[in-house]
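Hi,

Here's the structure I said I'd pass along. Have a look, and then read my notes underneath.

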Amino acid sequence: MGVFSSAFLVLLLMLVLPFSGFVNGEKDELKGCDIYEGRWEYDDSYPLYNSSQCPFIEMPFDCQNNGRPDQLYLKYRWKPYACDLPRFSGKHLLEKFENKRIMFVGDSISLNQWQSLTCMIHSWTPHDAYILQRDHQGFSTFTFLKHNVSLILSRNALLVDIAHKSWGRVLKLNTISDNNAKRWKDSDVLVFNSWHWWLHRGRKQPWDFIRDGDDLHKDMDRLVAYEKALSTWSKWVDKNIDFTKTEVFFQGISPAHINAKLGGKNGGKSCREDTKPLIGPPHPKRRLSAEVIVEKVISSMSNKVHLLNITRLSQQRKDGHPSVYGRPGRHIGMDCSHWCLPGVPDTWNELLLAELTRS
Ligand SMILES: *[C@@H]1O[C@H](CO)[C@@H](O)[C@H](O)[C@H]1NC(C)=O
Ligand SMILES: *[C@@H]1O[C@H](CO)[C@@H](O)[C@H](O)[C@H]1NC(C)=O
Ligand SMILES: *[C@@H]1O[C@H](CO)[C@@H](O)[C@H](O)[C@H]1NC(C)=O
């Protein structure tokens with residue numbers, strides 16, 4: 001090929017590329033790439049926003065404002081080995097999801113991810129009007145008015161029902177009633193999550209008895225209960241969600257760093273002294289039992305539910321939790337379960353958007 005024709009080709013590409021769109025290019029690049037296998041890289045252009053640009057951020061996530069002294073943890077970007085994640089674009093998201101609903105269903109880890117996404121978009125378009133509505137059924141709806149994009153949080157820690165009887169609260173492993181779940185149906189994107197509350201005991205346990213079919217238990221193996229509930233959830237989703245309209249995700253298990261085996265500074269007693277990601281594979285390399293259950297249940301479904309496979313990459317971010325900076329001033333308490341914002345959930349959202357771009 002002569003100099004002339006290759007110059008012509010370059011010219012042609014320059015003309016065509018802006019129209020065919022980088023979005024398609026990104027789609028091709030992501031094709032076949034395992035976006036969850038990668039490493040954390042220092043990137044001076046991060047974080048994606050400053051929490052002071054996010055006026056509605058909830059205090060427990062606002063670590064910098066609560067007095068966290070270090071900032072290095074804000075500077076990491078997830079780099080898959082086999083491709084690059086597209087850089088977040090609020091404009092791209094608002095245009096792609098015009099007149100649509102993205103819903104997160106789950107516990108406060110879902111709140112963490114929902115809030116991250118609202119902050120990411122708002123800081124990108126600070127002058128776009130928004131409204132935030134909360135109701136008594138546990139729904140919070142954040143709407144960007146110009147594009148009519150709604151980001152909805154449905155607080156529902158266990159996904160299955162809890163019945164309130166005169167003799168106590170009954171966790172019902174086999175039922176998801178329309179009362180709770182009706183509004184999940186008309187979303188364009190659904191991101192479910194449930195795990196941490198299955199471990200609570202004592203005053204934090206939100207039930208007194210567990211109903212499994214005809215049996216009523218005072219307690220049972222929590223992993224067995226979790227698997228039964230997820231199986232109920234999977235049947236509900238297969239039956240009630242229109243998969244031609246809705247993309248369904250399950251947010252993989254978000255690791256808490258209270259387990260001594262997870263490594264980093266200070267053993268597992270706290271996540272306070274860690275200021276940068278753990279390098280290399282996390283300990284234990286063995287997978288969490290809850291992760292294995294999630295994968296088993298999802299793979300047995302008749303429809304395709306995507307796993308947002310964030311467990312491993314989040315295990316390397318012991319530095320990303322609020323630790324004692326979950327509230328201003330009085331540095332008491334130790335939160336090694338939630339995540340500072342900006343922070344790790346921003347990456348979960350970049351991964352979610354990458355999944356939505358390629359599907
Ligand atoms: C965020 O913005 C505030 C106010 O402009 C500034 O004081 C602070 O240093 C910024 N934080 C970071 C981490 O850049
Ligand atoms: C906004 O989007 C919702 C779906 O999320 C739709 O039901 C509603 O009609 C839209 N409103 C307008 C004014 O287009
Ligand atoms: C999720 O990630 C883990 C570890 O990175 C991997 O072993 C597992 O196969 C992945 N699960 C799926 C469904 O891709």
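Below are my notes on one strand and one ligand.

Some housekeeping: this is a predicted model, so to speak, with local features needing pLDDT of at least 70 and side-chain atom pairs counting only at pLDDT 80 or more, while totals for chains, interfaces and linings use all residues. Residues are numbered from 1 along each chain as its sequence is written, chains are lettered from A and ligands numbered from 1 in the order in which they are written, and side-chain values use heavy atoms, leaving out hydrogens and water.

Start with strand 6, residues 149–155 (strands are DSSP runs of E, at least two residues, numbered from the N terminus). Six of its seven residues are buried, meaning under 20% relative accessible area with a 1.4 Å probe, protein chains only. Strand 6 runs parallel to strand 3 (residues 101–106), with six bridges between them (pairing takes at least two DSSP bridges); Met 103 is partnered there with Ile 152. Strand 5 (residues 139–144) pairs with strand 6 too, antiparallel and over six bridges, including Phe 144 with Val 149. Four residues separate the two strands in that hairpin, where Asn 148 has a positive phi near 55°.

Asn 148 also turns up around ligand 2, along with Asn 99, Lys 100 and Arg 101 (a heavy atom within 4 Å). Polar contacts (N or O pairs within 3.5 Å) link ligand 2 oxygen atoms to the side chains of Asn 148 at 2.4 Å, Arg 101 at 3.4 Å and Asn 99 at 3.5 Å. The protein covers 43% of the 360 Å² of accessible area that ligand 2 has on its own (Shrake-Rupley, 1.4 Å probe).

Cheers

Notes: Buried means under 20% relative accessible area, exposed over 50%, partly exposed in between (1.4 Å probe, protein chains only). A polar contact is a pair of N or O atoms within 3.5 Å; within protein, one must be able to donate a hydrogen and the other to accept it, and residues adjacent in sequence count only if both atoms are side-chain atoms.
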